[in-house]
Amino acid sequence: GNYLKFSKGKNTNGIRLPVMDLGENTTVELSFDWGINIGSGGPDDVKLEVEVEGNGTINGASKSAPLIHTAGDWEWQSEVITITGADSNTRLTIKPTTFTGVAEASGYYRWFLDNVNIITK
């Protein structure tokens, strides 16, 4: 219990984390657990990405590589993403790669999120 559920049929959504007081030019680790919904047609085809807005990069880019769920059905999968050069203007978003920002996206991209942590290095 106490996890977050995202998206539904024909709608995709994610989460934008709040502004954090990270100082300047900081390296942070974002960790979280996620899972995918298993519908009547099988697992939803969800791939996530972490996007950096403002200062900071993930391996020199503004987005992570797609995160593919390889854990078993209804199993949690843990991720750790390192962001370098982050500061107090950095915003992090966790969302499906199919995120369109509008309702009526075609398909099912339901997913679950839990245990979000930010650690400064």
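1. Let's start with isoleucine 68, which sits in strand β7. Strands here are DSSP runs of E with at least two residues, and helices are runs of H or I with at least four, all numbered from the N terminus. Before going on, note that this is a predicted model, where local features need pLDDT of at least 70 and side-chain atom pairs count only at pLDDT 80 or more, while totals for chains, interfaces and linings use all residues. Residues are numbered from 1 along each chain as its sequence is written, and side-chain values use heavy atoms, with hydrogens and water left out.

2. Is isoleucine 68 buried, partly exposed or exposed? With a relative accessible area of 47%, isoleucine 68 is partly exposed. The cut-offs are under 20% for buried, over 50% for exposed and partly exposed in between, using a 1.4 Å probe and protein chains only. Leaving aside neighbours within four places in sequence, isoleucine 68 is in contact with Trp34, Lys47 and Gln77; contact means heavy atoms within 4.5 Å. You can also check its distance to glutamate 49: the two C-alpha atoms are separated by 9.1 Å, and the residues are 19 apart along the chain.

3. Now look at what β7 pairs with. β6 and β7 run antiparallel and are joined by 2 bridges. (Two strands pair if DSSP finds at least two bridges between them.) Lysine 47 has isoleucine 68 in β7 as its bridge partner, and leucine 48 stands opposite leucine 67 in β7. In general, strands of a sheet pair through backbone hydrogen bonds, either parallel or antiparallel.

4. β6 also pairs with β9, residues 91–96: these strands run antiparallel, with 6 bridges between them. One of the partners is easy to find, since glutamate 53 is bridged to arginine 91 in β9. Put together, 4 strands make an open sheet with antiparallel pairing, in the order β2-β9-β6-β7. Which strands are at the edges? They are β2 and β7, each of which pairs on one side only.

5. Next, the inside. The largest nonpolar core has 24 residues, and those touching the most other members are Leu30, Phe32, Leu48, Val50, Ile81, Ile83 and Ile94. A nonpolar core is a set of buried Ala, Val, Leu, Ile, Met, Phe, Trp, Tyr and Cys residues joined through side-chain atoms within 4.5 Å. At least two residues of this core come from each of β3, β6, β8 (77–86), β9 and β10 (111–120). β3 gives the most, with 5 residues. Leucine 48 is worth clicking on: leaving out residues up to four places away in sequence, its contacts include Phe32, Trp34, Leu67, Ile94 and Trp111.

6. How many aromatic pairs are there? The count comes to 4. Rings of Phe, Tyr and Trp (its six-membered ring) pair if their centres lie within 6.5 Å; planes under 30 degrees apart are stacked, over 60 edge-to-face, and the rest tilted. Tyrosine 3 and phenylalanine 112 form an edge-to-face pair, because their planes are at 90 degrees, with the ring centres 5.5 Å apart. This pair links distant parts of the chain, 109 residues apart: tyrosine 3 in the segment before β1 (4–6) and phenylalanine 112 in strand β10. Tyrosine 3 is partly exposed at 40% relative accessibility, whereas phenylalanine 112 is buried at 9%.

7. Another pair is stacked: phenylalanine 6 and tryptophan 111 have ring centres 4.4 Å apart and planes at 15 degrees. Phenylalanine 6 is in strand β1 and tryptophan 111 in strand β10, so the pair ties together parts that are 105 residues apart in sequence. Phenylalanine 6 is buried at 8% relative accessibility, and tryptophan 111 is buried at 0%. Ring pairs also join Tyr3, Trp74, Trp76 and Phe112 into a cluster.

8. Two asparagines deserve a look. Most residues other than glycine have a negative phi. Asparagine 25, though, has a positive phi, near 45 degrees; asparagine 25 lies in the loop between β2 (15–16) and β3 and is exposed at 66% relative accessibility. Asparagine 59 has a positive phi of about 50 degrees. Its place is in the loop between β6 (47–53) and β7 (67–68), and asparagine 59 is exposed, with a relative accessible area of 81%.

9. Finally, step to threonine 26, found in strand β3, residues 26–36. Threonine 26 is buried, with a relative accessible area of 11%. Not counting residues up to four places away in sequence, threonine 26 touches Ile83, Thr84, Gly85, Ala86 and Thr120.
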